[in-house]
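Biologist: I would like a close look at a single part of this model, the surface that surrounds the RNA strand, and then a careful walk through other local features of the protein. Please keep it connected, and give the values along with the descriptions.

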Amino acid sequence: MESARTRRASPRAPERYPSSLAGSGTPALEGSPMYRAVPAQIDLPAMEHDVLAMWDSEGVFEASVEQSKGRPPWVFYEGPPTANGMPGTHHVEARVFKDVFPRYRTMKGFHVPRQAGWDCHGLPVELAVEKELGFSGKQDIERYGVAAFNDRCRESVLRHVNEFTDMSRRMGYWVDFDRAYWTMDADYIQSVWWSLKQIYSKGLLVQDHRVAPYCPRCGTGLSDHELAQGYETVVDPSVYVRFPVTDAAFLERFPGAVLLVWTTTPWTLVSNTAVAVNPVADYSIVRTGDGQTLVVASSLVGQLLGEDLEELGRVSGSALEHMSYERPFDLIDIPEAHYVILADYVTTDDGTGLVHQAPAFGADDLASCRGYGLPVVNPVLPNGTFADDVPVVGGVFFKKADETLVAMLKESGRLFKHVEYEHSYPHCWRCHTPLIYYAQPSWYIKTTVIKDQLIEQNEATNWFPGTIKSGRFGDWLNNNVDWALSRNRFWGTPLPIWRCSENHLTVVESLAELSALGGIDVTATDPHRPYVDDITIPCQTCEATATRVPEVIDCWYDSGAMPFAAVGYPHVDAGTFADQYPADFICEAIDQTRGWFYTLMAIGTLVFDRTSYRNVLCLGHILDEDGRKMSKHIGNVLEPIGLMNDHGADAVRWFMLASGSPWQARRVGHAAIGDVVRKTLLTYWNTVSFQSMYARLADWEPSHPAPEVCDRPVIDRWLAAQASELTREVDIALEAFDTQRAGRLLSTFIDDLSNWYVRRSRRRFWDGDPAALSTLHEALRITTLCMAPFTPFITERVWQDLFRPTDPGAATSVHLAAWPEPTGDAVDPALAESMALVRRVVELGRAARATSGVRTRQPLGRALVSARGWGRLSDELRAEICEELNVGVIEALVDDTAGFVDTAIKANFRALGQRFGKQTPLVADAIANAEPVSLLLHIRREGSVSLHAAGVGDVEIFEADVIVSETPRDGWAVAAEGGESLALDLHITDELQRAGTAREIVRAIQEARKQSGFDVSDRITVWWASDDASTILTLDEHATLIASEVLATAFCEGIEHAQRGSVTVRVPETDLQLLIARGSDG
RNA sequence: GGGCCUAUAGCUCAGCUUGGUUAGAGCGCUUCCCUGAUAAGGAAGAGGUCGGUGGUUCAAGUCCACCUAGGCCCA
């Protein structure tokens, strides 16, 4: 025994470890199944770097994927980031969630391959390069050369890949970068081509018109993203125009009827094609005071036309459908048009409820007119002027035509009203030219055809949080519009459609097919522009030469195609795909609702008739400490690597997973993350360090025999049950993708472990009690395993120090271990409840101590408790309370009839409400008016009591129907909470007084030992002297106790004999003189 | 303009699904206690019209409606 204690455990050991983490670590313990020494202090970021090095050198990630081969797959898809910017803290957020569930599922026995990916194409990449080159439009790019431009784009994509991989590695995100997919790879592009051919062959890929914001000066369309930057407030004319009805039947009922139509863009009236009304709104036909017969929405009659009028009739919007009218201008030819159509988007809040339709210049207009097969006629040239052959306004810039046209309306008597209208209108962010919504030919995927299927697939998908499913995402599907797929750009997947002069189309699925069709081997050609544009093939219909159409596709299609394109399906690897479709889990932030989440589901449904994911986790955004969005502009960006090097990646991960709700916007800052370190990580670490220190001091090894759990002290049985419950509950929470709940369970358990179990059991650890060491060992093993997916670094460190060396069967990494099984027999709900009561009573005791002013070190004779369930507590549990509160005995406060306590009774509304409903307050009154002591005695004797409640009658009241509080009177310190109370007997006898002094002495010596840097196992000698009789008696009585508490091997009266250099100890409120010194010789 | 989310202590957030009469935790602040692992722990105090209004109910932070403010997405 003594030899073990001479081995220094050294709680003040250096902060850094021997850097080797592997099993061969501590040379002195080679081959010994003992714990490694765990210092109390730890530098978390430094420890994490050691763990990263170990994972690399032992290939732990690869091993975890390898060793699970053949097990049931759990499929995860990585949504590809665009790497042409620096990674930010929001990337860490998503990646933490993408990491924790694969790790958890791996522990649960699944095979979880994780392929990284990179999104390479798209307008943001092009814009970044344009900016670098100082370009201001497409003409610049064409002058520069598409090949050279695309080379720059390719290079730009690669630029920050290293920053992304470094950040991912640093945070412990396990994903396979070596097998990453790149959306610009030739194989990837050909998979996309294949899928587009599938969609084309189903008749769902078509060319049509698309209305998009367009800058007539720059000659280019603008993306939504660009659009958002360029809104400016302008004043436009707002005109109300008369459109005479020409429908004979309607005119017969309402002679001279005129549609009153509203628009803020008079120049589009030249192209008027139809008038839209809301099908379910009411429309009134009214005769005004000056004799006009007007048709307007009924709800707008008053504000538009005033009171002086007569309503001739009222019809629903749908009754007006197909009614013909005379258009305001007859400048261009628009055949088969000019009648009323129905459109849901028409509102009757402003305007007239009748909306002018020019399908070439409005997305809504185009969509509704398309439903009627109306023509799309566009008299405006790409440079923004009306075509020269248009009368009157030919050659005029579109905006400038407003003035002329309004004057013409006035002249022809069509103008009803003209006002100025201030609103925000999009302008080009480069040149401030007002944008024109402009119809251009475009390629569409007709997703509206599969809308019902999409809704069905969404029904079968689990969304976290669930509100997205029917909310944001469900709404989006319900309002589905066809997918405008093509872009008139350069850096993207080229649309694989070849067209001849006769407009026959040939869609190809691969370079191999192109080679076969063209008779030239082009399989080695870069499938990007401009190289692919040079390939021509004979038209499959008419044999004329076919060339590729000029467009590339929306890069969102690229990423949505990753389930198959990432493995080159079907050209490269059909087998892998079959095993990995659909995904069990995907996760991104909420902005992907209409991005990746949609494109994945749409493409999956289009090509394979089913969506590509089962469960989708949708994260809220990360904000700065003040709740603002992080942006370079404000300068509030948290740099992720720096954040992790400050606090450790584990702390950042824990924050993301468990602090606040993942699916809500959250504020992140240094304070919040530092909190995680102190509260959760260091508490866990210190418990580990504690276990290691005392196990090593006692030469204890986990393989040593220990009593069965059921034969151990009650607190051990309690902890074992809690640990078992922990693994079960965390499992359930993670199964439901609820990391917040899992995190709360874990941090609560760690708190219980450290601040209740260890606190209460310290003495047993000092003595090397195998039952205590064994119990804590197992509890830490379970905690470490359950926490491993959350904080992979610190748990790995603990695994290497405590569990790998002591169990020959242990996995070489915690991340190769299986999820801990709950031990069903250990769970005892009654014990958990009893312990909760014990802890509540202890809290009451502490509160009573605090109010009494008697410090805890001063023993007290007895305490009295009133609490329901007290009678069921075992003596063992009552003893826990006595020890913790330092009182001699603790007794129930029951059946008091001597006026020793005050008894108060309150109605328990929850119990009463269920039985009495509406009459609850009456019964509660009856309880309040009853005499509490006799009522309570009656209930306790008979089980219930009958009371008369006014307006109700006689009712039977049980103990559960009342909340009792009993509080002792004078001479007691009392605390009460929630119907439970505790009273401390404050009478201090001389004997108690001396016991208190003994405790003071112990405490003072311990403090001095600590201050002087003695090791916890050092033996000491104590010298003392006093003139006070009581103090001398105290030392006589308690010398043995004091000596054993402070590890004194000699206890000498007379300080004059003390050795040189011994330490003086001050004991407050005594005249005791005390010296101590290390060593056992006096 | 439309949809969704959010609003609880000075700050960060639980609690709301399943309504119950003293609304919790952490951080910060004040005072005290405890300490033989801990950067810890405990007690008390200050700090709340649970965003507002109305409704349902015996009873509303919790359910319903409307409103206000903020955020996100879309026009």
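Modeller: What follows begins at the RNA and then moves on to helix packing, a buried helix, a pair of buried residues and some backbone details.

The model is a predicted one, and the values below should be read with that in mind. Around RNA strand B there are 51 residues, and those that come nearest are Arg667, Arg857, Phe909, Lys918 and Val1016. Of the atoms of RNA strand B that come within 4 Å of the protein, 59% belong to sugar and phosphate. On the protein side, the residues of this surface divide into 22 charged, 16 polar and 13 nonpolar. The element that gives the most to the surface is helix H25, spanning residues 670-697, which supplies eight residues.

Individual polar contacts can be set beside these totals. Arg678 places a polar side-chain atom 2.7 Å from a phosphate oxygen of RNA strand B, and Lys679 likewise has a polar side-chain atom 2.9 Å from a phosphate oxygen of that strand. For Glu1045 the atom concerned is a polar backbone atom, which lies 2.3 Å from a base oxygen of RNA strand B.

Turning from the RNA to the packing of helices, the description of two packed helices rests on the angle between their axes and the distance between the axes. For helix H2 (residues 44-58) and helix H29 (residues 792-803), the angle is about 75 degrees and the axes are 9 Å apart. An angle from 65 to 115 degrees counts as roughly perpendicular, and H2 and H29 are therefore roughly perpendicular to each other. The residues of their contact divide into nine nonpolar, three charged and one polar. From H2 the contributors are Leu44, Met47, Glu48, Val51, Leu52, Met54 and Trp55, and they meet Pro792, Phe793, Ile794, Glu796, Arg797 and Gln800 of H29.

Helix H24, residues 649-658, shows how far burial can extend along one element: ten of its ten residues are buried, so H24 is largely enclosed by the rest of the structure. The buried residues of H24 include Asp650 and Arg653 as well as Val652, Trp654, Phe655, Met656 and Leu657. Just after H24, Gly660 takes a positive phi of about 75 degrees.

A further buried region can be followed through Leu837 and Trp870. Leu837 lies in helix H30 (residues 829-852), while Trp870 has its place in the loop between strand S27 (860-866) and helix H31 (875-885). Trp870 has a relative accessible area of 3% and Leu837 one of 4%; both values fall under the 20% cut-off, so both residues are buried. Leaving aside neighbours within four places in sequence, Leu837 is in contact with Ala867, Arg868, Gly869, Trp870, Leu873 and Glu980. With the same neighbours left aside, the contacts of Trp870 are Leu837, Val841, Val865, Arg878, Ile881, Ile890, Glu891 and Ala892. Two separations in space accompany these contacts: the C-alpha atoms of Leu837 and Leu873 are 8.7 Å apart, although their positions lie 36 residues apart along the chain, and those of Trp870 and Val841 are 9.7 Å apart at a sequence separation of 29 residues.

Some backbone details remain. The peptide bond from Arg529 to Pro530 is cis, with omega near 0 degrees, and Pro530 is found in the loop between helix H18 (511-518) and strand S20 (537-538). The peptide bond from Tyr569 to Pro570 is also cis, with omega near -5 degrees, and Pro570 lies in the loop between helix H20 (562-565) and helix H21 (574-579).

Two residues that are not glycines have a positive phi, namely Glu543 at about 70 degrees and Phe737 at about 60 degrees. Glu543 is found in the loop between S20 and strand S21 (545-548), whereas Phe737 has its place in the loop between helix H26 (714-735) and helix H27 (739-766). Their surroundings contrast, since Glu543 is exposed, with a relative accessible area of 67%, while Phe737, at 4% relative accessibility, counts as buried.

Technical notes: Residues numbered from 1 in each chain as written. Chains lettered and ligands numbered in written order. Predicted model: local features only at pLDDT ≥ 70, side-chain atom pairs only at ≥ 80, totals over all residues. Heavy atoms only, no water. Helix = DSSP H or I, 4+ residues; strand = E, 2+ residues; numbered from the N terminus. Buried < 20%, exposed > 50% of the residue type's maximum accessible area, 1.4 Å probe, protein only. Contact = heavy atoms within 4.5 Å. Near = heavy atom within 4 Å. Polar contact = N/O pair within 3.5 Å; in protein donor to acceptor, adjacent residues only side chain to side chain. Nonpolar A, V, L, I, M, F, W, Y, C, P; charged D, E, K, R; others polar. Axes fitted to C-alpha atoms, helices over the stretch in contact; angles between N-to-C directions. Parallel < 35°, antiparallel > 145°, perpendicular 65-115°, else oblique.
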